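Trainee: Hi, have you got a few minutes to go through this one with me? I'd like to begin with the ligand.
Mentor: Sure, let's bring it up.

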Amino acid sequence: MSRAYNFSPGPAMLPEPVLRQAQATMLEFGDCGASILEISHRGPEFIKVAQQAEADLRTLLSIPDDYAVIFTAGGATTVQALLPLNFAAPGQPCDYVVSGHWGKTALKQAAHCVDARTAASSEAGGFRDVPARADWQLSPDAAYVHVTANETIHGVEWRGIPEAGNAPLIADFSSSIASEPLDIAKFGAIYAGAQKNLGPVGISVLIVRRDLLERSGQPRAPIFDYAAQARAESMLNTPPSWNWYVLGLTVKWMLDEGGVAEFARRSARKAALLYAAIDGSGGYYRNEVAPGARSRMNVPFFLHDPALDKLFLDAAKQAGLVALKGHRVLGGMRASLYNAMPEAGVQALVDFMREFQQAHG
Ligand SMILES: Cc1ncc(COP(=O)(O)O)c(C=O)c1O
């Protein structure tokens, strides 16, 4: 077997020990006589898995006790659609600070049921920076202010998300959760689709201050009610149990590796290595994001001549470096450097980039 260094933006590379453990328990889980895929979510074996995953996530992210953790089927986009239903009263505006594609998506998901407002946007500049706090136009009666901590496509990351004022701040951390210490108490809620730093696709995590769950929100089906989900410990209906299990393995792996402080150090080193290679290439490669907003997780970059893109991707694949093609919105390349990407993978990428430049300069 030869596993490549996988720079996919998500579903993304998972730690090999997690995959091996999942593989080992696929046929028979503990003494169940069945795979974890085949047992009831309400049985004692799975309840233990679910509770351990939550306890480990609480430890990993230092989640305060007055925050509920909800595991939800579906992606971050599903959470984006449910935020206004749960947290905004009919007619109440919701403010969105937009720093890239996913901030726009969040606004679009909300706009059909509430007055979703663009409080600030860096779109006019091509999403190459975050909107300065001084430019945010907040509504005095906003239900919440939504930000995207890290824009996965545009490679734009907040370095210290500003305070939002009176309204609770809700942040999409899909592509940067668990990559550095975070003071959750600054937020009303944070959420993330799991398929980048937390595990497999198909499950998302919402960490929400319990008082927000008391809001009545909009009329909605019971299954879309986060307060009811929290009361039912995320088991109103059958949860994505396999995904929850692998998420738990991934969280445990991060704890064993040293936790978020260690991943912050690794992420800083990996990002610095790649940005230095790009900036030191004399314009052969370029990243267009403002230096203070460059993402540590997703690094979009362009070759000086787009005609070389296909050759670059083919040669990278030959060298064991896969999924470097940029998102269609931007083109070019993108390297995603989530927690499971070892530093050796980034070193292999920058070595390859230097050799490619020498061969095709
Ligand atoms: C920051 C961010 N938010 C939201 C999403 C949407 O996630 P999903 O496809 O799980 O709905 C993504 C997906 O890549 C993302 O990167």
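Trainee: How far is the polar side-chain atom of W102 from an oxygen atom of the ligand?
Mentor: That distance is 3.4 Å. Keep in mind that this is a predicted model.

Trainee: Okay. And what about T152 and the ligand?
Mentor: T152 puts a polar side-chain atom 2.4 Å from a ligand oxygen. With D172 the ligand partner is a nitrogen atom, and the distance to a polar side-chain atom is 2.6 Å.

Trainee: How much of the ligand's accessible area does the protein cover?
Mentor: The protein covers 85% of it, where the ligand on its own has 390 Å².

Trainee: Which residues are around the ligand, then?
Mentor: Among them are G75, A76, T77 and Q80, along with N150, S174, S175, Q195 and K196. W102, T152 and D172, which we just discussed, are on the list too.

Trainee: Which helix gives the largest share of that shell?
Mentor: Helix α3, spanning residues 76–87, with three residues.

Trainee: And how does the shell split by class?
Mentor: Eight residues are polar, two are nonpolar and two are charged.

Trainee: Changing topic: what does the domain assignment give?
Mentor: Domain 1 runs over 16–257 and domain 2 over 259–360. Their centres, taken over C-alpha atoms, are 27 Å apart.

Trainee: How many residues are in contact between the two domains?
Mentor: 27 from domain 1 and 26 from domain 2. About 2,200 Å² is buried between these domains, and carbon and sulfur atoms give 54% of that area.

Trainee: Nice. What about the backbone, where is there a cis peptide bond?
Mentor: Between G10 and P11, with omega at about -5°. P11 sits in the loop that links β1 (5–6) to α1 (16–24).

Trainee: And which residue has a positive phi although it is not a glycine?
Mentor: S62, at about 50°. The loop between α2 (44–61) and β2 (67–73) holds S62.

Trainee: Why point those two spots out?
Mentor: Because most residues other than glycine have a negative phi, and most peptide bonds are trans.

Methods:
Residues numbered from 1 in each chain as written. Predicted model: local features only at pLDDT ≥ 70, side-chain atom pairs only at ≥ 80, totals over all residues. Heavy atoms only, no water. Near = heavy atom within 4 Å. Polar contact = N/O pair within 3.5 Å; in protein donor to acceptor, adjacent residues only side chain to side chain. Areas by Shrake-Rupley, 256 points an atom, 1.4 Å probe, with all protein chains shown as cover. Helix = DSSP H or I, 4+ residues; strand = E, 2+ residues; numbered from the N terminus. Nonpolar A, V, L, I, M, F, W, Y, C, P; charged D, E, K, R; others polar. Domains from an automatic or database assignment. Contact = heavy atoms within 4.5 Å. Buried area = accessible area lost by both parts, 1.4 Å probe.
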